[in-house]
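This report describes a single molecular model. The sequence and structure are shown first, and the description follows under short headings.

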Amino acid sequence: EDDPADAELVQAKLAEAGLACRIVVAQTRDAFENALRDGGMDIILADYQLPMYDGMSALRLVQEVCPDVPFIIVSGAMGEEAAIEALTKGSTDYVLKQNLSRLAPAVERALQEARNRRERKQAQIRLHEQFLFLQQLLDSIPIPVYYKDAQGAYLDCNAAFESFMGLQKKDVVGKTVHEVLPRERADKHHAADLELLGNPGV
């Protein structure tokens, strides 16, 4: 933002909504890039057009340096086509300066969405770690172990199962026993599966 009065107005509107914050104002690419690299940004509000820089260039830089930080364009003159282009290219939202009553709700929504994305990413990391642990556990078992879906396709197996079948996991997962073994041997394995399904137990 290149207008100090607009920057103060934005901060006042956020404070009115209970969003106390520390604002760092940048007017040039260098100042903006330095602020980004210093880190600690929760959200970025950018004017669409400045004499020495512009919002779309700022958006591209954010996507390179800190793509997880929400980006909202706050502009006094932004047509519908420009707004659509900004949203298409990754802007979280846009707010017109003549309608700053929308700013606080837009900021709150963007921050909540960012929190949700972080939580999903952390959950995916934890799930992946659990999967790796399960695989290590399975591979440490010296007897063949596998599991299938309801249609009989292998979902995963351990190293002992690969050795027992004489096949690699990549040749087994996603396929049924009739797709990976000769008919007579496949029928035998399939019959064993059916017996287990009919008599659940060890």
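## Salt bridges

A salt bridge is defined here as a side-chain nitrogen of Lys or Arg within 4 Å of a carboxyl oxygen of Asp or Glu. The model is a predicted one, in which local features need a pLDDT of at least 70 and side-chain atom pairs count only at pLDDT 80 or more, while totals for chains, interfaces and linings use all residues. Residues are numbered from 1 along each chain as its sequence is written, and side-chain values use heavy atoms, with hydrogens and water left out.

Across the whole structure, 13 salt bridges are found. In one of them, D93 pairs with R109, with 2.7 Å between the closest N and O atoms. This pair links distant parts of the chain, since D93 lies in strand β3 and R109 in helix α5, 16 residues apart; helices (H or I, at least four residues) and strands (E, at least two) are DSSP runs numbered from the N terminus. D93 is buried at 11% relative accessibility, whereas R109 is partly exposed at 40%; buried means under 20% relative accessible area, exposed over 50%, and partly exposed in between (1.4 Å probe, protein chains only).

Within helix α9 (residues 183-198), D187 and R183 are 4 residues apart, about one helical turn. Their closest N and O atoms are 3.1 Å apart in a salt bridge. D187 is partly exposed at 32%, and R183 is exposed at 63%. Elsewhere, E1, D6, D47 and K97 are joined into one network by salt bridges that share partners.

## The parallel sheet

An open sheet is formed by 3 strands in the order β1-β2-β3, with parallel pairing; two strands pair if DSSP finds at least two bridges between them. The edges are occupied by β1 (44-46) and β3 (93-96), each with a single partner strand, so one side of each has no neighbour in the sheet. On average, neighbouring strands are turned by 25° against each other, direction ignored, the axes being lines fitted to C-alpha atoms, for helices over the stretch in contact, with angles from 0 to 180 degrees between N-to-C directions.

Strand β2 (residues 71-75) is joined to β3 by 4 bridges. I73 has Y94 as its bridge partner in β3.

## The hairpin and its contacts

Strands β4 and β5 form a hairpin with 5 residues between them, and G152 in the turn has a positive phi of about 90°. The two strands run antiparallel and are joined by 3 bridges. Y147 has D156 as its bridge partner in β5.

D156 also forms a salt bridge with K169, the closest N and O atoms being 3.1 Å apart. Because K169 lies in helix α7 (residues 169-172) and D156 in strand β5, this pair ties together parts 13 residues apart in sequence. D156 is buried at 4%, while K169 is partly exposed at 24%.

## Aromatic rings

The structure contains 4 aromatic pairs. Rings of Phe, Tyr and Trp (its six-membered ring) pair if their centres lie within 6.5 Å; planes under 30 degrees apart count as stacked, over 60 as edge-to-face and the rest as tilted. Y146 and Y154 have ring centres 5.4 Å apart and planes at 75°, so they are edge-to-face. Y146 and F161 are tilted, with centres 5.0 Å apart and planes at 45°. Ring pairs thus link Y146, Y154 and F161 into a cluster.

Y154 is buried at 2% and F161 at 3%, whereas Y146 is partly exposed at 31%.
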